[in-house]
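Biologist: I have a model open and would like to go through it. Can you pull it up?

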Amino acid sequence: MIKKLFKTPKNTFLGLFLIVFAISGSAQNTNTPTDFWNNVRFGGGLGLGFTNGGFNASVSPSAIYQFNEQFASGVSLTFNYAKFDANHRYAYGGSILSLYNPIPFLQISAELEQLRINQNISYNGLPTISENYWSPGLFLGLGYTDRNFTIGIRYDVLYDDNKSIYASAWLPFVRVYF
């Protein structure tokens with residue numbers, strides 16, 4: 001058995017992150033004009049998945065930096081709920097995403113997601129099994145874009161039928177950025 005030598009509470013980690021973020025933000029030179037915030041867009045996505053005996057829904061607020069008319073990249077937080085028969089899964093995590101519009105109405109996307117899965121599995125009256133683990137996802141997507149709105153479908157190339165929170169490797173999505 002391997003003993004944990006050091007265990008950092010989540011609040012300590014969050015506090016240190018916020019302190020470092022605040023110090024780095026105050027160290028920035030505010031005398032030079034910048035249009036960084038003019039190129040940042042906020043929004044996110046909604047996801048729904050259906051299968052026989054299953055349902056999946058996700059909400060993903062995000063922020064992207066619009067480099068030019070065609071390319072944007074950013075980060076997203078993900079909150080997810082899935083139900084398969086009598087089994088329930090909750091997930092939370094984050095992702096890094098890139099969006100590319102080769103033509104104004106077509107969006108190609110790539111997203112690397114890491115989720116913490118908490119699930120309870122029960123089968124025919126047997127004792128409930130609880131699992132907690134990390135699950136990666138790499139989504140490649142294609143969507144139709146009209147101004148700030150995109151609707152499309154994405155495919156998880158790392159999909160694992162036994163571990164994924166999603167009902168299928170194919171997932172429809174809706175993204176809106178302002």
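Modeller: What follows is a walk through the fold, one core residue and one surface patch; the model is predicted.

Biologist: Fine. How many helices and strands does the protein chain have?

Modeller: The protein chain has 1 helix and 8 strands. Along the sequence the pattern is α-β-β-β-β-β-β-β-β, with the helix ahead of the strands.

Biologist: And how are the strands arranged?

Modeller: They form a closed barrel of 8 strands, in the order β1-β2-β3-β4-β5-β6-β7-β8, and the pairing is antiparallel. On average, neighbouring strands in this sheet are turned by 25° against each other, ignoring direction.

Biologist: Take β6 and β7. Over how many bridges do they pair?

Modeller: β6 and β7 pair over 8 bridges, in the antiparallel sense.

Biologist: Which residue in β7 is opposite Gly141?

Modeller: Arg154.

Biologist: Switching to Ile117. Where is it?

Modeller: Ile117 is in strand β5, which covers residues 106-121.

Biologist: Buried or exposed?

Modeller: Ile117 is buried, because its relative accessibility is 0% and the cut-off for buried is under 20%.

Biologist: What is Ile117 in contact with, leaving aside neighbours within four places in sequence?

Modeller: Ile117 contacts Tyr90, Ala91, Glu131, Asn132, Tyr133, Ser135 and Ile165. As for Tyr90, its C-alpha atom is 5.9 Å from that of Ile117, although the two are 27 residues apart along the chain.

Biologist: What share of such contacts in the whole chain joins residues at least 24 apart?

Modeller: Counting contacts between residues at least 6 apart in sequence, 46% join residues at least 24 apart.

Biologist: And what percentage of the residues is buried?

Modeller: Of the 178 residues in the protein chain, 30% count as buried.

Biologist: Now the outside. What area does the protein chain expose?

Modeller: About 12100 Å², with carbon and sulfur atoms supplying 65% of it.

Biologist: Which residues make the nonpolar surface patch?

Modeller: Val75, Ile96, Leu112, Leu138, Leu140, Ile153, Tyr155, Val157, Leu158 and Trp170 make a patch of about 900 Å². The elements giving two or more residues to the patch are β6 (129-146) and β7 (149-156).

Biologist: Pick Leu138. Which strand is it in, and why is it allowed in the patch?

Modeller: Leu138 is in β6. Its relative accessible area is 31%, so it counts as partly exposed, and patch residues need over 30%.

Note on methods
Residues numbered from 1 in each chain as written. Predicted model: local features only at pLDDT ≥ 70, side-chain atom pairs only at ≥ 80, totals over all residues. Heavy atoms only, no water. Patch = residues over 30% accessible without salt bridge, like charges linked within 9 Å, V, L, I, M, F, W, Y side chains within 5 Å. Areas by Shrake-Rupley, 256 points an atom, 1.4 Å probe, with all protein chains shown as cover. Salt bridge = Lys/Arg side-chain N within 4 Å of Asp/Glu carboxyl O. Helix = DSSP H or I, 4+ residues; strand = E, 2+ residues; numbered from the N terminus. Buried < 20%, exposed > 50% of the residue type's maximum accessible area, 1.4 Å probe, protein only. Pairing = 2+ DSSP bridges. Axes fitted to C-alpha atoms, helices over the stretch in contact; angles between N-to-C directions. Contact = heavy atoms within 4.5 Å.
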